[in-house]
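Walk through this model from one ring to the sheet, the cores and the last helix. Keep the structure open and follow along.

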Amino acid sequence: MVVVLMVAEKPSLARSLAEILSKKQCRRRKSDCSACDVYEFEGIFPPGGGGVRVTFKMTSVCGHVMSLDFQPQYNKWEQIDPVDLFDAETMKKESMPNLRIPHFLRNEVRDS
């Protein structure tokens, strides 16, 4: 069966959307991310005729997954000329590494 993954901005929104879309027939399961449950239910996709039966998985992130920051040498604000920041390299990092949200999403998307 085809699996459709939907990701909401926050856990409470994922739960509400899953309940509405499933007419309160969704099943909740714990995930490997302690903050984000997964709600599963069956339905037709796309809705409105001509769609196929699928399993929907609704989950969420918790705010921003990644953040953008300057390299460490640019984080001493009192010692840096702000003009230098226009050409400074940046780096991406997990906003909340303890939640491991990128890992969690990679696992959930595997069969979707």
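Start with Tyr74. This is a predicted model, and in it Tyr74 has a relative accessibility of 21%, so it counts as partly exposed. The cut-off for buried is under 20%. Tyr74 forms an aromatic pair with Phe70. The ring centres lie 6.5 Å apart, and the planes make 55 degrees. That pair is classed as tilted.

The structure holds four aromatic pairs. Another of them joins Phe41 and Phe56, and this one is stacked. Its centre-to-centre distance is 5.2 Å, with 25 degrees between the planes. Phe41 belongs to strand β3 (residues 38-45) and Phe56 to strand β4, so the pair ties together parts that are 15 residues apart in sequence. Both rings sit on buried residues: Phe41 has a relative accessible area of 3%, and Phe56 has 8%. Ring pairs also bring in Phe45, which forms a cluster with Phe41 and Phe56.

Now step back to the sheet. Strands of a sheet pair through backbone hydrogen bonds, either parallel or antiparallel. Here the sheet is open and has four strands, in the order β1-β4-β3-β2. Its pairing is mixed. Which strands form the edges? They are β1 and β2, and each pairs on one side only. From one strand to the next, the twist averages 35 degrees. Strands β2 and β3 run antiparallel and are joined by three bridges. One bridge pairs Arg28 with Tyr39 of β3. Helix α1 packs on this sheet, where it touches β1, β3 and β4. The direction of α1 makes about 155 degrees with that of β4.

What fills the largest nonpolar core? Ten residues do: Val4, Met6, Ala8, Ala14, Ala18, Tyr39, Phe41, Val54, Phe56 and Met58. The stacked partners Phe41 and Phe56 are therefore both members. Four elements give two or more residues each to this core: β1 (2-8), α1 (11-21), β3 and β4. Take Val54 as an example of the contacts. Leaving aside residues up to four places away in sequence, Val54 touches Met1, Val2, Val4, Phe41, Glu42, Gly43 and Phe45. A second, separate core has eight residues, including Cys36, Val38, Leu99 and Phe104.

Follow β4 to residue 60. Ser60 lies in this strand, which covers residues 52-60. Is Ser60 buried or exposed? It is buried, with a relative accessible area of 1%. Beyond residues up to four places away in sequence, Ser60 touches Val7, Ala8, Lys10, Pro11, Ala14, Cys36 and Phe104. Among these contacts, Ala8 and Ala14 are members of the largest core, while Cys36 and Phe104 belong to the second one.

Phe104 leads to helix α2 (residues 101-109). Four residues of α2 are buried: Ile101, Pro102, Phe104 and Glu108. Why do they share a side of the helix? They cover an arc of only 160 degrees around the axis, which puts them on the same side of α2. An α-helix has 3.6 residues a turn, so residues three or four places apart point the same way. What do the buried residues of α2 pack against? Their partners are β1, β2 (27-29), β3, β4, β5 (66-70) and β6 (90-94).

Technical notes: Residues are numbered from 1 along each chain as its sequence is written. This is a predicted model: local features need pLDDT of at least 70, side-chain atom pairs count only at pLDDT 80 or more; totals for chains, interfaces and linings use all residues. Side-chain values use heavy atoms; hydrogens and water are left out. Buried means under 20% relative accessible area, exposed over 50%, partly exposed in between (1.4 Å probe, protein chains only). Contact means heavy atoms within 4.5 Å. Rings of Phe, Tyr and Trp (its six-membered ring) pair if their centres lie within 6.5 Å; planes under 30 degrees apart count as stacked, over 60 as edge-to-face and the rest as tilted. A nonpolar core is a set of buried Ala, Val, Leu, Ile, Met, Phe, Trp, Tyr and Cys residues joined through side-chain atoms within 4.5 Å. The arc is that of the directions from the helix axis to the C-beta atoms. Two strands pair if DSSP finds at least two bridges between them. Axes are lines fitted to C-alpha atoms, for helices over the stretch in contact, and angles run from 0 to 180 degrees between N-to-C directions.
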